[in-house]
Amino acid sequence: MGKKPSTRKLQTIGLLSDLNEPLKSPAQKPRDKAQPRLPLDPMPVRIEPQLATLATKVPKGDRWAYEIKWDGYRLAVHSERNRIRIITRGGHDWTSYFPAIKEAAKALGPATFILDGEAVVLGEDGTPNFGMLQQALGGRRATRAANNAVLYAFDLLYFDGHDLTRLELSSRRHLLGTLLEGETGAIRLSEEIETDDGEALLRSACAHGLEGIIAKHKDKPYRSGRWTDWLKIKCSNSESFAVIGYEPSIKVRGSIASLLLAARRGDELVYVGHVGTGFSIKLARDLKVLLDGMRISEPAAVGIKGKKYVFVEPKLVAEVTFGAWTHDGKLRHTSFKGFREVEDHSEVLELS
């Protein structure tokens, strides 16, 4: 005789109390107030930028990523609830000077973000031109909007309510690439260049008239200030010097022949030479008018004498390229590139 079937009610696992009843969730328990919530990070008013350390050799290894060194103004673009702020390296709000970048940031969508990048103006050959950027802004001091400026973004510091600075560079770059995928307007991605030969990349960058390359360690977080996680390797020597005077031109009336330059050593300025090329005739005349309003009787730097020189207050910072240093600490083969501003966090070269 067969086994008698069981009449016990079927038991089920999980949400069902009976096979014939519909699926339903269990009653929600009140939330334990001691249980932590997943926090959203508040949007920072400003993040001090991370700066690259000057190096003479390109680092090697698969943990280093390489990018072009852009020759322009360092900017952070903040987007929060469709409100855009464009902040210079020195912490000044220059949103009004970069309207095209502002509109491009709005077009990226409703996400909150902070982009770190460099604003440049591209010449006819497609390379960044610092002089053209200053010209677009209206001269030494920004007086008008640079409508033709382009931001090459190389880092994403904040996104969708989360602070990304604690993440390693490779993760930040992945998110940045997703945000800027296909963008070709006033905000573009500064591409990472995949290569196991950084020296060859540097030679190629120099051959194309670029300023150099940046090497960044893929595994490091974003750290404000100057660190060796980021290295800059330049094609030519280029530094910032205090302008301490000028030599009047004997060829062009009402013009300068050269600017007198100084570097910093401790608490004093030290004369390091002059620069007499890289000016247009108009700029040389305009500079004389400007500098004549800053005259002082004695030089602000040590190590300089000359009756033909006009000395001025060291308020201006000139970006100058040069070939080498002489044995007595003077610059050789100099060329003027432009002026750096407080807004761009100008730094006078510190001598060792």
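Two strands pair if DSSP finds at least two bridges between them. The model described here is predicted. Strand 5 and helix 5 are taken in turn.

Strand 5 covers residues 113-120. Strand 3, residues 73-80, pairs with strand 5 in the antiparallel sense. The pairing runs over 7 bridges. One contact point can be named: A76 has D116 of strand 5 as its bridge partner. Strand 6, residues 150-159, is also joined to strand 5. Here 8 bridges are found, and the two strands again run antiparallel. Within this pairing, L151 of strand 6 stands opposite A119.

Strand 5 is mostly covered, with 8 of its 8 residues buried. Both of its faces are covered. F113, L115, G117 and A119 are buried on one side. I114, D116, E118 and V120 are buried on the other. The bridge partner of A76, D116, thus belongs to the second of these sets. A119, opposite L151, belongs to the other set.

Helix 5 spans residues 281-292. At 1.5 Å a residue, its 12 residues should span 16 Å; the end C-alpha atoms lie 17 Å apart, which agrees. A284, L287, K288 and L291 of helix 5 are buried. Seen down the helix axis, the buried residues fall within an arc of 105 degrees, so they line one face of helix 5. That set packs against three strands: strand 11 (237-248), strand 12 (256-265) and strand 19 (335-340). K282 and V289, on the other side of helix 5, are exposed.

Methods: Residues numbered from 1 in each chain as written. Predicted model: local features only at pLDDT ≥ 70, side-chain atom pairs only at ≥ 80, totals over all residues. Heavy atoms only, no water. Helix = DSSP H or I, 4+ residues; strand = E, 2+ residues; numbered from the N terminus. Expected span 1.5 Å × (residues − 1). Buried < 20%, exposed > 50% of the residue type's maximum accessible area, 1.4 Å probe, protein only. Arc of directions from axis to C-beta. Contact = heavy atoms within 4.5 Å.
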